[in-house]
Amino acid sequence: MDLEQLLNDVNNFVWGPVMLALLVGTGVFLTFRLKFLPWKNLWYAIKMITQTKQKHEGDLSPFQSLMTALSATVGTGNIVGVATAMVLGGPGAIIWMWISAAFGLSTKYGESVLAVKYRETNSVGEMAGGPMYAMKNGIGGAFGKIMAALFAFFAVCSSFGIGNMTQANSISAAFATSFEIPTWVTGAVLVVCSLAVLMRGVHSIGKVSSIIVPSMAAFYLVVTMVVIAVNFENVPSGFMTMLSMAFSTEAVAGGVGGSIVATMLTAMRWGVARGVFSNEAGLGSAPIAAAAARTDHASRQGYVNMTGTFFDTMIICMLTGLVIASSGMLGMLDPATGKLFSGAQLTILAFSTVFGEWARFIVSISLALFAFSTILGWEYYGEKSLEYLVSNRTVIYAYRFIFSCITFVGATQTLDIVWNFSDTMNGLMAIPNLLCLLILNNKIAEECFHFQREVVEKEKNGVEVDYQWKADDK
């Protein structure tokens, strides 16, 4: 067995049914454990996004922290991943993507709470937090430290592949196809742009993300709503097909799915897998950004970062799904290959029903912005994970430089072995993180119920509360 096949087999196991069941199962458990408060307080959480606790410890405002987390999660999965899920799992995969995201709210809340609760201050006065610190300080002992080291190692490896090369390759491929720009030119531009932002650290990433993420999301929301509005007569039937194929125990073909055949289990598998790939709930990456926020309570930032899953999967991915479902292009065969249209190609076809030739430019620009923001967010995740393993600041600056230069490799080369390895590392991150969530579920619940009693109920009644979170509260 060659190395590529071995990595492929390991990757299929890591992202197999057991892992997906653990990811969703943890979300279901935490939702019940927290008495559905993440669901009940969703609107409250959205309203808190722009609130800033300037006098409290932290490197970023709550908004910048959320945008940094969203910069890493809103990526190719929102465009390519949705189309792939709908082809491989049928239209019903979108419903399962939505369901997994609903329970993912609790997962994202829990891991973000622990990240803030157990964060530390590093040698240059910046906040350092994330699952590795929750494992070290929350679980403790040799077991907690081993879990922390493993998580940090997996995260650093993932940052170069899933968070860098795959994103850079998506950008260069899109620009080569739509604008006939050579991949080396795109790669060189990415290196320059990455260096300009990343070498200046977390504050630079936070500022750029707070501009790019809302702008690109607003642009994408507008163009998707236009397509849905124009094709609105197909939306009800498309949505009903999603529902019927999501819960069908037998293979179904026809309707909005064209020649696609999928069962409920297939829809569930691909919907959950692509949903997790998109919003990263349970992987433990987003809490690293949550730990940098200025906040008066761990639970407050937990709620703020939780909204990332809502915006990423429950809004953006659902809109992409409705665009494809209402376009009539799902299930169409490519005359050149005889295979189903999938990925970015399918999304472009769906947009072309309204925008014609402009569709490839719209999708390419959206893909480029989404992917570049992912590069920025994942550099921060990788840097903080490396910082946990190696505290030397020279090594950190070297990582920033190497990470920026690696975008050129990703833009100009297709390295399947590297991508399979990094995808496996991405999945392996989830194992210690989910174990940490389950082990420390009582700590999450204590923070949640305390914040609900002392802050949420008062603020909902119009009382302004700025809770003074004491060290012994940790």
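Let's start with the charges: the count of salt bridges here comes to 8. Keep in mind that this is a predicted model, so everything below describes computed geometry.

One bridge worth pulling up on screen is the pair Glu447 and Lys117, whose closest N and O atoms sit 2.7 Å apart. Glu447 belongs to helix α20, while Lys117 belongs to helix α7 (residues 93–117), so this pair ties together parts that are 330 residues apart in sequence. Are the two partners buried or exposed? Glu447 has a relative accessible area of 6%, and because the cut-off for buried is under 20%, Glu447 counts as buried. Lys117 falls under that cut-off too, at 4% relative accessibility, so Lys117 is buried as well.

While you're in helix α7, look at Val116, which is also part of that helix. Its relative accessible area is 0%, so Val116 is buried. If you want a ruler for the fold, take Val116 and Val18: they are 98 residues apart in sequence, and their C-alpha atoms are 29 Å apart in space.

Now for a little network. Salt bridges link Lys384, Glu387 and Arg393. Within it, the side chains of Lys384 and Glu387 meet at 3.5 Å, N to O. Both of these residues lie in helix α17 (residues 358–389), and they are 3 residues apart, about one turn of the helix. Lys384 has a relative accessible area of 1%, which makes it buried, and Glu387 at 7% is buried too.

The third member, Arg393, sits in helix α18 (residues 393–412). At 17% relative accessibility, Arg393 still counts as buried, because the limit is 20%. What does Arg393 touch, once you leave aside its neighbours within four places in sequence? The contacts are Asn122, Ser123, Val124, Glu126, Glu387 and Arg400. Glu387 turns up in that list, and Glu387 is also in the salt-bridge network with Arg393.

Back to helix α20, which covers residues 441–460 and holds Gln452. With a relative accessible area of 13%, Gln452 is buried. Setting aside neighbours within four places in sequence, Gln452 is in contact with Leu37, Asn41, Tyr303 and Glu457. Right after Gln452 in the numbering, you can find another salt bridge, between Arg453 and Glu454, with the closest N and O atoms 3.5 Å apart. How exposed are these two? Glu454 has a relative accessible area of 26%, so it is partly exposed, and Arg453 is partly exposed at 46%.

Next, a couple of backbone oddities. Most residues other than glycine have a negative phi. Phe36 has a positive phi of about 65 degrees, although it is not a glycine. You'll find Phe36 in the loop between α2 (17–33) and α3 (37–40), and at 26% relative accessibility it counts as partly exposed. Glu180 is another non-glycine residue with a positive phi, in this case near 55 degrees. Its place is the loop between α9 (141–179) and α10 (183–198). With a relative accessible area of 70%, Glu180 is exposed.

Finally, zoom out to the whole chain. There are 20 helices and 2 strands. A compact globule of 474 residues would have a radius of gyration near 23 Å, and the chain has 21 Å, which agrees. Along its principal axes, the C-alpha trace spans about 65 × 50 × 45 Å. Of the 474 residues, 59% count as buried. How much of the contact map is long-range in sequence terms, joining residues at least 24 apart? Among contacts between residues at least 6 apart, the share is 83%.

On the outside, the accessible surface comes to about 17,900 Å², and 66% of it belongs to carbon and sulfur atoms. As for charge, the chain carries 28 positive and 30 negative side chains, with the centres of the two sets 8 Å apart.

Methods: Residues numbered from 1 in each chain as written. Predicted model: local features only at pLDDT ≥ 70, side-chain atom pairs only at ≥ 80, totals over all residues. Heavy atoms only, no water. Helix = DSSP H or I, 4+ residues; strand = E, 2+ residues; numbered from the N terminus. Rg over C-alpha atoms; globule rule 2.2 N^0.38 Å. Buried < 20%, exposed > 50% of the residue type's maximum accessible area, 1.4 Å probe, protein only. Contact = heavy atoms within 4.5 Å. Areas by Shrake-Rupley, 256 points an atom, 1.4 Å probe, with all protein chains shown as cover. Lys, Arg positive; Asp, Glu negative; His and termini not counted. Charge placed at Lys NZ, Arg CZ, Asp CG, Glu CD. Salt bridge = Lys/Arg side-chain N within 4 Å of Asp/Glu carboxyl O.
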